[in-house]
Amino acid sequence: MSVTLNKDVDENRQGEAIEMEGKKPTGKKLYLESYGCAMNFSDSEVVASILIDKGFTTTKDQTDADVVLINTCSIRENAEQRIRNRLSQFNKAKKQRPGMVIGILGCMAERLKKDLLEEEKLVDLVVGPDAYRDLPGLIEEVDGGQKAVNVLLSRDETYADINPVRLDKNGVTGFVSITRGCDNMCSFCVVPFTRGRERSRDPHTIVRECADLFEAGYREVTLLGQNVDSYRWNMTSKGEIKDPEKPTTNFAQLMEMVAEVNPKLRIRFSTSHPKDMTDDVLHAVAKHKNICNYIHLPVQSGNTDMLKRMNRGYSREWYMNRIDAIKRIIPECGISTDIISGFCGETEEEHQDTLSMMREVEYDSAYMYKYSERPKTLAERKFEDDVPEEIKQKRLEEVITLQHEHSLKINKAQIGKVEEVLVERVSPRSEEQMLGRTDRNHKVIFDREDSKIGDYVMVEITDCSKASLRGVIV
Ligand code: 5AD
Ligand code: SF4
């Protein structure tokens with residue numbers, strides 16, 4: 001299998017297949033392909049765990065599979081289109097192997113439900129993000145000749161007790177989900193509809209999973225949630241205590257618990273939300289050497305009226321206050337963001353505000369998108385998708401060009417520094433070179449010498465491009 005798990009997972013990546021050994025083989029072979037965000041890749045690990053436990057083995061060869069599952073993303077229209085094309089290819093393979101079960105999982109499953117099953121006849125099985133425990137039974141139903149569907153969303157499913165099999169190939173960096181769903185209702189976003197209400201996972205199961213990962217040789221975990229700052233255990237969304245006999249846990253406290261698993265285990269987290277990120281979180285990052293100095297803080301737009309239309313819950317000034325707090329409390333913190341160009345009603349002035357915001361912050365990196373209208377969202381119901389395609393494209397290009405300038409400038413400022421780098425893998429370009437990341441999440445390529453995957457090495461930064469740093473072990 002071939003999944004590398006870190007934050008360069010984004011919705012544009014191609015689907016990737018996995019291969020794992022089953023525990024008590026039933027002879028059934030599973031082919032599982034994932035698209036979309038880090039959360040989807042993490043969910044695929046839960047799915048693989050559930051099916052391997054039932055005796056499935058996995059295969060990298062889709063034509064050799066009894067069950068083909070595709071874990072899908074709905075965030076933008078082009079993500080869905082790519083997956084539909086893939087489903088058509090699977091259906092061609094099915095002609096050669098008529099017993100093959102084709103199923104879709106994840107956000108598109110929840111969004112399209114019966115369309116894919118009944119009208120388009122592209123799949124036999126449709127399973128939403130909260131129904132993976134039902135997969136073995138649903139696959140049996142399909143084997144019995146029926147179509148099967150479960151897209152019910154849950155208020156409490158967190159898969160807390162399932163120890164995900166690890167699908168990353170390096171065995172050093174892993175994802176651990178801490179919340180599921182989202183209650184934020186950003187007006188452009190389909191996630192609250194496809195993934196349901198937000199719920200947090202028992203902190204002790206999170207700490208145990210991180211400790212197990214460390215024992216297995218992992219040296220970095222990324223704590224995952226749509227909005228990690230709203231993580232809360234034993235508290236209602238209004239902050240009231242549920243069970244007074246038991247302790248409560250917020251995100252800052254959870255991070256401190258995980259940081260204490262082992263000083264050699266690096267902690268990252270994603271995604272932070274500007275409206276909820278507290279100074280306590282920043283102080284926890286500053287206090288623990290093993291919590292990485294890197295924050296992904298999506299801004300979406302630099303204009304307050306636009307942010308209101310996006311229903312983001314903060315103004316430009318509030319966001320800048322959070323950036324100032326990061327820079328004050330965690331000097332040398334890497335900051336990245338998400339930006340949407342061409343959202344409903346975006347004026348040239350509003351677009352210029354996004355560019356000026358970028359100049360003020362100077363992000364290390366950014367994920368930049370053209371707005372794509374999604375069914376059911378607040379924006380679809382309330383606003384017109386009225387920015388012409390050429391203007392969306394032109395503004396996106398301006399945003400990307402400016403970001404590239406900033407990435408290069410920040411990377412150049414790293415030259416001459418000596419950084420602790422966690423060695424993650426052999427460089428795809430050369431067997432003689434290794435690839436790792438600094439605390440601040442900069443990718444570094446360096447000559448291997450006698451370093452191994454999973455080692456921490458001190459690297460002097462000697463050169464860079466806008467995408468990565470180069471260095472030598474010192
Ligand atoms: N169109 C374009 N980008 C979107 N995102 C979310 N929904 C949309 C949409 N409808 C982007 C946001 C979010 C990231 C995960 O995807 O920037 O932070
Ligand atoms: Fe979507 Fe907003 Fe929730 Fe992120 S915080 S998943 S953008 S609704």
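Start at ligand 1. A polar side-chain atom of R76 sits 3.0 Å from one of the ligand's nitrogen atoms. Call that a polar contact: a pair of N or O atoms within 3.5 Å; within protein, one must be able to donate a hydrogen and the other to accept it, and residues adjacent in sequence count only if both atoms are side-chain atoms.

Before going on, the ground rules. This is a predicted model, where local features need pLDDT of at least 70 and side-chain atom pairs count only at pLDDT 80 or more, while totals for chains, interfaces and linings use all residues. Residues are numbered from 1 along each chain as its sequence is written, chains are lettered from A and ligands numbered from 1 in the order in which they are written, and side-chain values use heavy atoms, with hydrogens and water left out.

Back to ligand 1. What else touches its nitrogen atoms? For F188, a backbone N or O atom lies 3.0 Å from a nitrogen atom of ligand 1. For S372, a polar backbone atom is 2.7 Å from a nitrogen atom of the ligand. In total, 12 residues surround ligand 1, and the closest are R76, F188, Q300, D338 and S372. Near, here, means that a heavy atom of the residue lies within 4 Å of the molecule.

Next, ligand 2. Its surrounding residues include C182, C186 and C189. F188 is on that list too. So are M185, H273 and R312. By class, the shell has seven nonpolar, three polar and one charged residues. For the classes, Ala, Val, Leu, Ile, Met, Phe, Trp, Tyr, Cys and Pro count as nonpolar, Asp, Glu, Lys and Arg as charged, and the others, Gly among them, as polar.

Now the domains. There are three: domain 1 (5–150), domain 2 (173–412) and domain 3 (418–473). Those bounds come from an automatic or database domain assignment.

Take domains 2 and 3. Their centres, over C-alpha atoms, are 26 Å apart. Domain 2 brings 21 residues to the contact and domain 3 brings 18. Contact means heavy atoms within 4.5 Å. The buried area is about 1600 Å², with 48% from carbon and sulfur atoms. That is the accessible area (1.4 Å probe) that the two parts lose on being put together, summed over both. Which three residues supply the most on the domain 2 side? R219, R266 and N411, with 35% of the area that domain 2 buries against domain 3.

The polar side of this interface: 13 residue pairs in polar contact, both at pLDDT 80 or more. From domain 2, strand 14 (266–270) and helix 14 (389–413) each give at least two residues to the side touching domain 3. Helix 14 has the largest share, six residues. Helices (H or I, at least four residues) and strands (E, at least two) are DSSP runs, numbered from the N terminus. That side of domain 2 divides into six nonpolar, six polar and nine charged residues.

Salt bridges next. The rule is a side-chain nitrogen of Lys or Arg within 4 Å of a carboxyl oxygen of Asp or Glu. The structure holds 41. Three cross the interface of domain 2 and domain 3. R440 and D364 form a salt bridge at 2.9 Å, N to O. E80 pairs with R374, closest N and O atoms 2.8 Å apart. E80 is in helix 2 (residues 77–96) and R374 in the loop between strand 17 and helix 13 (378–382), so the pair ties together parts 294 residues apart in sequence.

Last, two backbone points. The S270 to T271 peptide bond is cis, omega near 10°. E362, a residue other than glycine, has a positive phi, near 55°.
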